[in-house]
Amino acid sequence: MTTQALSQLNIRLDASLKSAGDRALLQEGISPTELIRALWKKITRSAADLRQVEQVLELVEEAPSEAVRQDKVLLMQEGRKFVAEGLASLGGNFQTVSREEKSDRELYVDALYDRMRERGTL
């Protein structure tokens, strides 16, 4: 049996910020370790991914240009069309899911997208 070498990451946070963050993660069913691992995987993929992470984490203050926003909207529309066509080719129906049928994670992702739209970063 092989074992992976592990490293430890230690950070200092304001106690109230840590408590609030721990509560939010608990509500979503995500541990701090899972979140940090996912973050590290995301930022190691490419520089473009790192820019997305910076924007989501509010490390970048400037709002994207109108052209960048339009590009994102077009990509989302193309993605939806691609998924709908793929489902149609498999004989499936593309239908919306009611709020009551969504998992907590899906609702959380929806809320993040709404927040990004409100701030003009999407």
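I take buried to mean under 20% relative accessible area, exposed over 50%, and partly exposed anything in between.

**Entry 1: the chain as a whole**

I began with the whole chain, keeping in mind that this is a predicted model. By that cut-off, 8% of the 122 residues of the protein chain count as buried. I then looked up the accessible surface, which comes to about 10700 Å² for the protein chain, with carbon and sulfur atoms supplying 55% of it. For secondary structure I found five helices and zero strands, and reading along the sequence I noted the pattern α-α-α-α-α. I also checked how far along the chain the contacts reach: among those with a separation of 6 or more, 46% join residues that are 24 or more positions apart.

**Entry 2: confidence**

I looked up the pLDDT before going into any detail, and the mean for the protein chain is 76, with 80% of its residues at 70 or more. Which elements have the lowest and the highest mean pLDDT? Helix α3, residues 47–56, has the lowest at 70, and helix α1, residues 15–28, has the highest at 88. I remind myself that where pLDDT is low, the predicted coordinates should not be read in detail.

**Entry 3: helix α1 and its salt bridge**

I searched for salt bridges and the count came to one. The partners are Lys-18 and Asp-22, whose side chains meet at 2.6 Å, N to O. I recalled that side chains of opposite charge can pair when their charged atoms come close. Both Lys-18 and Asp-22 lie in helix α1, four residues apart, which is about one turn of the helix. The general rule here is that an α-helix has 3.6 residues a turn, so residues three or four places apart point the same way.

Are the two partners buried or exposed? Lys-18 counts as partly exposed because its relative accessibility is 43%, and Asp-22 also counts as partly exposed, at 30%. I followed Asp-22 a little further and found its C-alpha 7.2 Å from that of Pro-32, ten residues away in sequence.

**Entry 4: Glu-28, also in helix α1**

I next turned to Glu-28, which is found in helix α1 as well. Its relative accessible area is 17%, so Glu-28 is buried. Which residues does Glu-28 contact, once its neighbours within four places in sequence are left aside? I found Asp-104, Arg-105 and Tyr-108.

**Entry 5: helix α5**

Asp-104, one of the residues in contact with Glu-28, led me to helix α5, which covers residues 104–119. Helix α5 has 16 residues and reaches 23 Å from its first C-alpha to its last, close to the 22 Å expected at 1.5 Å a residue. Just after helix α5 comes Gly-120, and I noted that its phi is positive, near 80°.

**Entry 6: Val-53 in helix α3**

I looked at Val-53, which is found in helix α3, and I kept in view that this helix has the lowest mean pLDDT among the elements of the chain. Val-53 is buried because its relative accessible area is 11%. Not counting residues up to four places away in sequence, Val-53 touches Leu-39, Lys-42 and Ile-43. For one of these, Lys-42, I also looked up the backbone separation: the C-alpha atoms of Val-53 and Lys-42 are separated by 7.7 Å, although the two residues are eleven apart along the chain.

**Entry 7: a nonpolar patch on the surface**

Last, I looked for patches and noted a nonpolar one on the surface, formed by Leu-9, Ile-11, Leu-13, Leu-17, Ile-36 and Trp-40, with about 610 Å² of accessible area together. I singled out Ile-36, whose place is in helix α2, residues 32–45. Ile-36 is partly exposed because its relative accessible area is 32%.

How values were computed
Residues numbered from 1 in each chain as written. Heavy atoms only, no water. Helix = DSSP H or I, 4+ residues; strand = E, 2+ residues; numbered from the N terminus. Expected span 1.5 Å × (residues − 1). Patch = residues over 30% accessible without salt bridge, like charges linked within 9 Å, V, L, I, M, F, W, Y side chains within 5 Å. Areas by Shrake-Rupley, 256 points an atom, 1.4 Å probe, with all protein chains shown as cover. Salt bridge = Lys/Arg side-chain N within 4 Å of Asp/Glu carboxyl O. Buried < 20%, exposed > 50% of the residue type's maximum accessible area, 1.4 Å probe, protein only. Contact = heavy atoms within 4.5 Å. pLDDT = per-residue confidence, 0-100.
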